[in-house]
Structures are given as structure tokens and as C-alpha cells.
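User: Please take a close look at one helix packing here, starting with what handedness of a crossing means. After that, carry on through whatever else is worth a look, and don't skip how far to trust it.

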Amino acid sequence: MSATAATAVRRSATGLALLWLLAPLLPVVLWAVSSRWSGRARLPQELGLDGWTAALEAGLAPALVRSVLLGLAVAAVATPLGAWAGRLLGWRIARRPRLLAVALVLPVLLPPLAVAMGLDVVVLRIGVPGPLAVLAVLTVLALPYTAFTAAAGFARVGPGPEEQARTLGANPRQARWLVTWPALRRSLAVAGLLAFLVGWSDYVVTLLLGGGQLVTLPLLLGASASGTGNEPTTAALAVVAASPGLLLLVVAALVLRAARADATGRSGRMAR
Amino acid sequence: MTGLALERVRHRYPDATVDSVHAVDLEVASGGMLALVGPSGSGKSTLLRVAAGLEQPTAGRVLLGDRDVTALPPERRGLSVVSQRPHLFDHLDVTGNVAFGPRVAGVPRREARTRARRYLDLVHLDELGRRRPGQLSGGQQQRVALARALATGREVLLLDEPFGSLDAALRSAMHELLGELRAAVDPTVLLVTHDLDEAALAERVGVLVDGRLHQVAEPGELYRRPATLTVARLLGGFVEVPGTVVPTTGGPQHRSAWGCWSLPGDAGAAGRSTSGDAVLLVRREDLRLVPDGPRDGHPTGPGVRGRVVASRRRGVRVVAVVETSDRSRVEVELAPREDVAVGTPVGVRPTDGAAVWAVDAPQCDPSSLTRHTRHAAHLPGSGPRACDDALRD
């Protein structure tokens with residue numbers, strides 16, 4: 001296959017993938033900017049920002065802030081823990097790596113509703129504050145994503161650079177901070193984003209364990225979606241809720257592109 | 001004065017049932033270079049990692065000069081390492097990589113980079129300081145790795161097959177560079193390699209097989225006088241003649257299917273013991289083909305009769321493979337422009353002044369011997385026999 005044909009195929013595939021991803025979102029976006037879209041009309045009959053106004057009145061801003069904070073908190077806890085577990089897995093330091101891998105995956109294998117309901121009872125009994133319980137459980141649910149993403153990064157980089165740094169005079173802390181973490185920055189960024197998304201998008205755990213103290217965007221969206229006649233509001237909330245996922249996709253694409261450029265030596269740095 | 005010494009170093013990996021390194025004693029003179037050769041899995045790299053502090057020995061000591069550094073972590077040992085993968089730090093430019101050692105030692109950034117540029121100049125890369133490692137060729141990356149190791153100012157340099165992934169021309173250029181660096185900086189160097197030509201860059205060469213150090217000698221000495229059959233086989237180029245050393249009034253003689261070899265007193269096992277089974281080693285280039293016949297014009301000495309079954313080109317030389325009547329094979333290096341047709345009956349004789357060296361015959365099962373050795377060892381004529389100058393069948 002010629003280079004031109006290969007490029008055409010690659011571009012078509014990318015276009016199809018984007019269409020697959022964005023097609024379901026298109027009606028939501030249209031709903032979010034419409035005031036009236038009734039019956040079998042193919043397009044909104046009236047455009048407007050009523051949905052956004054209603055969403056703001058329903059508490060979009062504080063819910064957005066809480067969701068961002070919850071996502072950041074989950075990322076802040078789950079990413080270093082995942083990096084630690086990833087190091088054990090990626091560098092085969094763990095004596096029983098399979099056992100560790102299974103332990104990490106188990107929480108996401110169980111139905112979250114059942115887990116959350118069971119934990120709710122425990123949390124209530126021992127008096128753990130709701131937001132703290134939510135954070136703890138979401139961290140456990142985010143750990144498989146952060147750990148396995150980090151493990152792949154550790155496996156790719158290997159212990160060689162860190163050992164090399166040690167032989168050049170760096171103590172273990174310097175070797176980690178000056179060599180290993182920078183080498184893993186992309187893997188850790190992706191791991192952090194995944195953990196953020198786990199916190200950002202959670203509904204069940206926040207609803208049950210949060211005990212109503214923690215009204216996040218998914219809860220607001222769920223409440224709005226369960227009603228009728230407020231589609232523009234629900235759509236506005238849905239657009240905001242979907243944005244971090246799309247952002248992650250863009251970031252992942254950029255990361256992959258940068259990694260490919262690094263591997264082939266075809267980066268912008270070449271020009272300098 | 002000793003630069004680096006390993007004393008009775010043993011090492012065993014966790015969950016392993018045998019030692020990867022068995023009580024190795026090794027000494028590299030200050031400012032000297034010792035190459036460690038051996039087959040894959042012989043423990044060379046493990047030994048180097050033990051010296052570097054990246055592996056802890058099960059027993060034994062690592063000394064830098066008079067200082068016992070066995071318990072010290074790598075960063076406090078005063079050794080730097082260059083391995084086959086250069087492990088350059090991708091997030092730093094070339095100068096930043098070379099300045100890494102001085103920086104972590106507390107040297108201010110500007111001064112560290114100035115020092116780095118000096119070492120980059122030494123490896124002829126002073127113009128590439130702003131580049132990233134990904135923009136360098138393999139040879140350039142290894143030069144940066146060398147400069148980075150030297151910029152630490154450490155006196156001992158451990159090289160773990162540093163040029164193993166480079167092509168022959170680049171490797172040769174790196175050998176020259178290593179010579180230049182040694183002249184300029186005078187480090188103590190321990191080089192691990194499986195390339196015997198590369199090992200010859202060192203003043204001394206150690207041969208490690210199955211975690212045991214078989215011999216440490218000057219490169220020329222190693223080729224002339226391998227301590228064991230294992231060393232000889234690793235070095236290659238020897239024809240093995242199994243037989244027996246017997247004392248005679250004229251000195252020890254090696255008797256075998258080839259006849260009798262009068263051995264000088266310093267011919268290895270023959271010199272150490274006056275009798276017993278011994279394998280005589282003759283360099284392939286010290287043998288020659290002679291016309292087959294009852295008297296081949298060669299006045300005296302051992303030899304075998306056979307037929308040329310193949311000729312193989314090895315670089316610029318041609319090696320003739322002669323199969324003897326017992327179906328063992330002897331490789332003989334032909335003189336330049338000499339040729340011989342396959343199927344020609346020939347005799348094989350040592351050249352005048354051929355150096356021979358006897359090693360103790362291995363006390364092991366026949367499967368460890370080469371085909372030639374195995375066959376010859378079971379020949380009726382391989383025991384003591386009368387000396388004459390006839391070619392043997």
C-alpha cells in the first residue's frame with residue numbers, strides 16, 4: 001500500500017471513530033441549545049439557553065465544583081498508590097504479582113451497587129463521614145486503572161535508568177524524582193486522568209455512601225433525567241458531564257502522538 | 001596499586017538453586033583495564049553488578065583501593081557504569097545528561113554544564129549538547145553515556161558490553177575512543193564483553209564460565225596458554241589432540257593418535273605433571289597440509305592422514321576440514337592463496353616451531369568432549385605408543 005493510500009485509510013478510520021463517538025452526543029448538544037424540540041421534528045424548533053439557565057439554577061456550578069474536587073481527590077490518592085502498585089507489577093518486584101493483580105481487579109468485578117449498599121451499612125455503623133467514605137471507595141475502584149496504567153509505564157521504562165542514576169551518584173530519592181518519574185510522566189498523567197474520571201463520573205457510590213451530603217454533577221444529572229419535560233436542562237448537564245471524557249480522549253491522542261514522535265525522532269525539537 | 005578488587009565473591013539470585021558466581025577473586029590495577037569474557041549466562045554481568053552495588057554478593061568483599069565498599073549503595077561506591085543500553089535520560093538534553101552526575105553531587109548547574117561540555121568535547125560530541133537523546137545515533141548515544149560516566153569524576157569505570165549493539169565499524173571507532181579516553185582520564189576499567197577482539201584492548205583478560213573464573217592472563221598469554229580445555233574452546237582456533245603424557249629421558253612426550261609430540265617443560269599440563277591424560281592444543285594456523293604418503297618429506301614429528309571434506313572461508317583465510325580415518329575432523333588454516341580440492345587425500349602436520357600447549361583431560365563424561373576428541377579418545381592408538389615419524393591413520 002502506498003503512503004498516500006495508507007494516509008487516506010488512516011484518516012478515514014479516524015473520521016469513522018470520531019463519528020462513532022460523537023454521533024450519540026450530537027442530539028444531546030442540540031437539546032442543550034434548544035428551547036423547544038417536540039414531536040418528530042428532525043431539528044429543534046426553537047434555539048435558546050433555557051436548559052443552561054435551568055441547570056445553573058438547579059445547582060450546576062456547586063455540583064461541578066464538587067465533582068471536580070472529588071475527581072481530583074480520587075486522582076490525588078489513587079495515582080500515587082497506583083504508581084506504587086504499578087512499580088511492584090511492572091518491575092516484577094512483587095513476590096506474587098498475579099495475586100496483587102487479582103486483588104486490584106476484584107473490586108471492579110463486583111457489581112458496584114451491591115458493593116456500595118454493603119459498604120453503606122458498614123460506614124453508617126462505624127461512623128465514617130460520607131465524603132470520606134466516598135473518596136475511599138472510589139479510590140479502590142480507581143486503583144486497577146491507575147495501577148495497570150502505571151505498571152505498563154514501569155515495564156516500558158524498566159529499572160535501568162534508575163539504576164544508572166544510582167551509579168552516577170544519585171541517592172534512591174533523587175533517582176526516582178529526577179529520572180524515573182519524568183520518564184513515567186505520560187503514563188502517570190493518563191493514570192491520573194483515569195482516576196479523575198472514576199471520581200468525576202461516579203453515581204452509585206456517591207449517592208449511597210455520600211448520604212446526600214455530596215451532590216455532584218452525576219447526581220444532579222440523574223435527578224434531572226429521572227424527571228420529564230426538562231430535556232434541555234438534562235442535556236446541558238450531560239454536555240458538561242461528558243466533557244472530561246472527551247478531554248481525556250484528546251489528551252490520550254496527543255500523548256500517543258508525542259510518544260510516536262519521540263520514538264521515531266520526528267519531533268518539533270528536531271528543528272532546533 | 002589495586003584499583004578494584006573482588007575477593008571470594010559469591011552471588012546467588014533469589015529462588016535460584018545454584019550460585020551465579022562462585023568465589024571469584026579478581027583484581028584490576030589502578031589505571032589498568034581488565035576484560036571479562038565468557039559465554040552468555042556465565043555470570044559476567046552479574047559480577048559487574050555486584051561490583052557496582054546493584055546486586056549484593058552472597059559472600060565476599062568488593063574493594064576500591066583499600067576501601068571495603070561491599071556494604072555501600074551504588075551512589076557511594078565511587079564507580080560508574082556504562083551498559084549496552086546507554087539509558088540516557090530522555091527528558092534531559094545531551095549536556096543535561098552528562099551534567100547529571102555533577103548535579104546530584106551538588107555542583108551548581110552552570111558549573112556542571114561547563115564540566116559536561118568538557119567531557120562532550122572528549123568524546124567529540126561538543127556540538128550536539130542541545131540535542132535530545134532520541135535525536136542521536138546508537139554510537140553517539142554510547143559516547144554520551146561514556147562522557148556521562150567520566151563526568152562523575154569517579155576513578156573506576158565498569159563497562160557492561162557497552163559496544164555490543166553497534167555495528168563493526170562503529171565498534172572499532174568506539175575502541176579507538178576508549179583508548180583516547182584512557183590516555184586522557186586514566187580510569188580503572190573493568191570491561192565485560194563476549195567479543196574476544198574487544199577483550200584484547202585490555203591489559204589482562206579474565207575468562208568466566210559458569211560463574212567460575214578459569215583464568216586471568218594477558219591477551220597473548222591467554223591465546224598461547226589457555227588454562228583449561230573450557231578456556232581453549234571459548235577462545236576457539238585450537239585443534240584438540242587427546243592423549244597421554246609420558247615421562248622419557250628426553251623430557252615429557254604427548255602420545256596420541258597423531259604419534260608423539262616432544263613437549264617443552266613449559267607446555268602446560270605436561271610441565272605440571274610428568275604423566276597422565278592430557279589434551280594437546282595446537283593452534284589451527286600452526287598446522288599445515290602435506291601430501292599424503294609413507295614419507296611426506298617431513299623428517300620427524302606427529303601427524304595424521306585424512307581426506308579434505310570441505311573448505312570454509314573465514315574472512316580472508318580459508319580453512320580446510322580434514323576427516324581422518326576414525327571420522328574425526330581437523331581444521332587447518334591454509335596459507336594465503338593456498339587451495340586444496342575437496343576429496344584430496346592429505347596429511348596434517350604441525351609447522352616448524354608450532355607452539356603446543358597441554359591441558360589436563362577433562363574428568364567428565366564423553367558428551368562434554370568435541371566429536372574429534374570423543375572419537376580419538378576411543379582409538380586403539382590413542383594410548384602410549386612408539387614414536388616414529390609416519391603419518392597415522
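Analyst: Handedness first: a crossing counts as right-handed if the near helix is turned clockwise from the far one by less than a right angle, and as left-handed if it is turned anticlockwise. Keep in mind that this is a predicted model.

With that in hand, go to chain A, where helix H8 (residues 160–167) packs with helix H9 (residues 172–183). Their axes are 9 Å apart and make an angle of about 155°. Anything over 145 degrees counts as roughly antiparallel, so that is how H8(A) and H9(A) lie to each other. By the definition above, the crossing of H8(A) and H9(A) is right-handed. On the H8(A) side the contact is made by A:Pro161, A:Glu162, A:Ala165 and A:Arg166. H9(A) brings A:Ala175, A:Arg176, A:Leu178, A:Val179, A:Thr180 and A:Ala183. Sort the residues of this contact by type and you get six nonpolar, three charged and one polar.

Now over to the other chain. Where chains A and B meet, 19 residues come from chain A and 23 from chain B. On the chain B side, strand E6 (79–83) and helix H3 (100–104) are the elements giving two or more residues. That side of chain B divides into 10 nonpolar, seven polar and six charged residues.

Within chain B, there's an open four-strand sheet to trace, in the order E2-E1-E4-E5, with antiparallel pairing. Its edges are strand E2 (21–29) and E5, each of which pairs on one side only. Helix H1 (residues 44–52) of chain B packs on this sheet and touches E1, E2 and E4, its direction making about 115° with that of E1(B). Inside the sheet, strand E1 (residues 2–11) and strand E4 (residues 59–64) of chain B are joined by five bridges, and B:Ala5 has B:Leu63 of E4(B) as its bridge partner. B:Leu63 also turns up in the next pairing, with B:Asp68 as its bridge partner in E5(B). E4(B) and strand E5 (residues 67–68) of chain B are antiparallel and share two bridges, and B:Leu64 is partnered with B:Arg67. Together E4(B) and E5(B) make a hairpin with two residues between them. In its turn, B:Gly65 has a positive phi of about 65°.

Further along chain B comes an open sheet of five strands, ordered E13-E12-E11-E14-E20 and again paired antiparallel. Here strand E13 (259–262) and strand E20 (356–360) are the edges. Direction ignored, neighbouring strands of this sheet are turned by 40° against each other on average. One pairing to look at is strand E11 (residues 238–246) with strand E14 (residues 276–283) of chain B, which runs over eight bridges. B:Val239 finds its bridge partner in E14(B) at B:Val282.

As for trust, the model scores pTM 0.78 and ipTM 0.80. Chain B averages a pLDDT of 84, and 87% of its residues score at least 70. Confidence in chain B is highest in helix H2 (residues 94–98), at a mean of 96, and lowest in helix H11 (residues 371–377), at 36. Over residues 364–386 of chain B, pLDDT stays under 50, and the model has 39 contacts beyond four places in sequence for that stretch.

Terms used: Residues are numbered from 1 along each chain as its sequence is written. Chains are lettered from A and ligands numbered from 1 in the order in which they are written. This is a predicted model: local features need pLDDT of at least 70, side-chain atom pairs count only at pLDDT 80 or more; totals for chains, interfaces and linings use all residues. pLDDT is the predictor's confidence in each residue, from 0 to 100. Two residues are in contact if their C-beta atoms, placed from the backbone, lie within 7 Å. Axes are lines fitted to C-alpha atoms, for helices over the stretch in contact, and angles run from 0 to 180 degrees between N-to-C directions. Angles under 35 degrees count as roughly parallel, over 145 as roughly antiparallel, 65 to 115 as roughly perpendicular and the rest as oblique. Ala, Val, Leu, Ile, Met, Phe, Trp, Tyr, Cys and Pro count as nonpolar, Asp, Glu, Lys and Arg as charged, and the others, Gly among them, as polar. Two strands pair if DSSP finds at least two bridges between them.
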